[in-house]
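User: Could you walk me through how to read a model like this one, feature by feature?

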Amino acid sequence: MSTGTPTELRAPERRGIADIAPRLEPLIIPIGALLGGLLAFSVFLVLLGKSPVDFFGLVYKAGFGTAFSWQNTLSRVAPLLLTALCVALPARLGLVVIGGEGAVVLGGLAAAVVGTALSGAPTAIGIPLMMLAAMLIGGVWIGAVGALRIRRGVNETISSLLMAYIAIALLNHLVEGPFRDPASLNKPSTAPLDPALRVGELPGMDVHWGFVAGIIACIVAWVLIERTTWGFAARIAGGNIRAAQVQGLPVGRLIVCFTAAGGACAGLAGFFEVSAIHGSANGSLVSGYGYTGILIAFLARHNPLAIIPVAILLSGFEASSGLIQRRMDLPDATILVLEGIVFVAILVSETLYGRFRIFTPRAEEQP
Amino acid sequence: MNETDLGLWAVPLAMIGGAIRVSTPFLFVSLGECLTERSGRINLGLEGTLVFGAMSGYAVAYESGSAWIGVLAAALAGMLFGFFHGWVCKLPKVNDIAIGIALMLLGMGLAFFFGKPYVQPQAPDLPAISFGWWSDISQVQAALQVNVLFLIGIVLTVAMGWMFRTTRIGLIVRVVGDSTDAARSMGLNPNVVRLLATGAGGALAGVGGAYLSLYYPGSWNEGLSSGQGLMAVALVIFARWSPVNCFWAALLFGGAGALGPALQSVGISSGYYLFYAAPYVLTLGLLIATSSPNRALESAPGELSITK
């Protein structure tokens, strides 16, 4: 974020490796950690007598090799982009929110309930209202986590975690009780959505519109953080909350807004799960996207634009799971092991920042 | 032994039995987390440790034919996870909360990966002691079937409370947890103390996992844990970092979890999931009521990142 500026201020005309290197640090260290994690996973495979070359060959083939596999990969990206934003936005203020799953679940439920009530309504009215409901409840749910933090000093990690469990219990209760479609026998669900209220796929592709929405959300979030005074204030508060308060920045409002915006994104993920994939709200909404989102946000170092490639990469890994099971006789948890190793590697690499001399600006070398 | 119709009395009885059965993993994980947090670190990865402990305990018990060797293996595996967490967190700039989430993912991944072949076979169970011999009502006898690990957990609770209160080791852990600087000035190495506390905490979480797979529900599968490891973190806050309170909180959480099924058995089936969520609501309510933006939680270790 804020690298030493004296060099830039005093000698703007110098353009050498020494000037570019500090800017590369936040790029090279995570990529190095990712490669390190993949290497550690390869050692794991070799120890089990499996070939890492085969493994990554299959990942490439199933995730990125053909137009078909790209579609398969991209069709899974939407919830990952949106739940990663739910972690990344509050993280810019220094908050670790891990309960995005709760906003996904309630957003999906809200979309389904509104969709059922609007049965028969035209697409142009129904879908925006469903999206609004999902984003509203997701925003309120995670925004409450931010408000509790600022008003009562309740730790956001713990409260978001508790609220995720409460949200899942609410979903199960409401789907089995008041909102249950009597026709859903084996798997309690809300009533199936009117076909007019189902989100379709992109023209000529097997990828639903959630992908586009996720990309737009990431870009908007990036502009918000990097190009607006609000984002600037948030970055200051994330660096040092006391300093920001002394400066008179509205830290409380910033925290509530950023957590609510993150929650709205996760709620939107729930909307797409219901409207594009399941067609009704049921237990399938609890699918762990919130937790994969944490991994993606940390891998992307909470940069909304970096979330896009990272989410696509991870979704390619997950898309290849089936093929790897069949071809290499590895259990489906292989991808989870890979994700865990990469996650640990990325976090451990945090300790490397500022350790390499090439990345540190050479302020003392002024004549 | 005959099934007696107990009417509504079946509900509290089933709750007591359920609380004893369900609370044991809560008790072990929360005692482990309590020890780790008192040393000033938080390990959110105990869910992964618990699941890995459940798998390794079950696998080793199956291969060796002894449930107790399985428990030992689970403790060992949990300790390794704890040591890894403790070692990584001593590196500068590494966030203990995030590492915990990563280790949760990794622990579950490794457990599912290596546990695949053990989903089917039947491993030996841990023994239980029957405290219901005085009654000839079968429900009473079932409720008072107490597993040995639960009794060990009670002993551990008392021992840990005594350790924190009166022993040198307890004092060292508390000093390190309350102030890194004070610990350093006493000549203690906070990183080593935290490493050991996290390792021991991981071992206890592993034992909690072994209880799940070796006694109740008593088999290994991927849906075995319903978040007991994550809950333990909340439970320790609920218990105000006191081992004895951890025991009561574990019973309460276990009892709340057992309330739903108990009500169902007498025909009240609505609200099942809401009862299940009761501990979470309680903990959140308690946090909201007792936190303050101006000071850390009462009796919280001073160096703990989540309450600072």
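**Reading chain B and its contact with chain A**

Analyst: Happy to. Keep in mind that this is a predicted model. A good place to begin is the secondary structure: chain B has twelve helices and two strands.

User: In what order do the elements of chain B run from the N terminus on?

Analyst: The order for chain B is α-α-α-α-β-α-β-α-α-α-α-α-α-α. One helix therefore sits between the two β elements in that order.

User: How do I judge the overall shape, and what radius of gyration does chain B have?

Analyst: Compare the value with what a globule of that length would give. For 308 residues, a compact globule would have a radius of gyration near 19 Å, and chain B agrees with this at 20 Å. Along the principal axes, the C-alpha atoms of chain B fill a box of roughly 65 × 45 × 35 Å.

User: What share of the residues of chain B count as buried?

Analyst: Burial is a matter of counting neighbours around each residue, with 20 or more other C-beta atoms within 10 Å as the cut-off. In chain B, 56% of the 308 residues count as buried. Contacts add sequence range to the picture: among those in chain B with a separation of 6 or more, 77% join residues 24 or more positions apart.

User: Now the interface. How many residues does the contact take from each chain?

Analyst: Chain A gives 40 residues and chain B gives 42 residues. On the side of chain A that touches chain B, the elements giving two or more residues are helices H7 (123-152), H8 (156-176), H13 (289-299) and H16 (334-349) of chain A. H8(A) gives the most, with eleven residues.

User: How do the residues on that side of chain A divide by character?

Analyst: They divide into 26 nonpolar, ten polar and four charged.

How values were computed
Residues numbered from 1 in each chain as written. Chains lettered and ligands numbered in written order. Predicted model: local features only at pLDDT ≥ 70, side-chain atom pairs only at ≥ 80, totals over all residues. Helix = DSSP H or I, 4+ residues; strand = E, 2+ residues; numbered from the N terminus. Rg over C-alpha atoms; globule rule 2.2 N^0.38 Å. Buried ≥ 20, exposed ≤ 12 C-beta atoms within 10 Å, placed from the backbone. Contact = placed C-beta atoms within 7 Å. Nonpolar A, V, L, I, M, F, W, Y, C, P; charged D, E, K, R; others polar.
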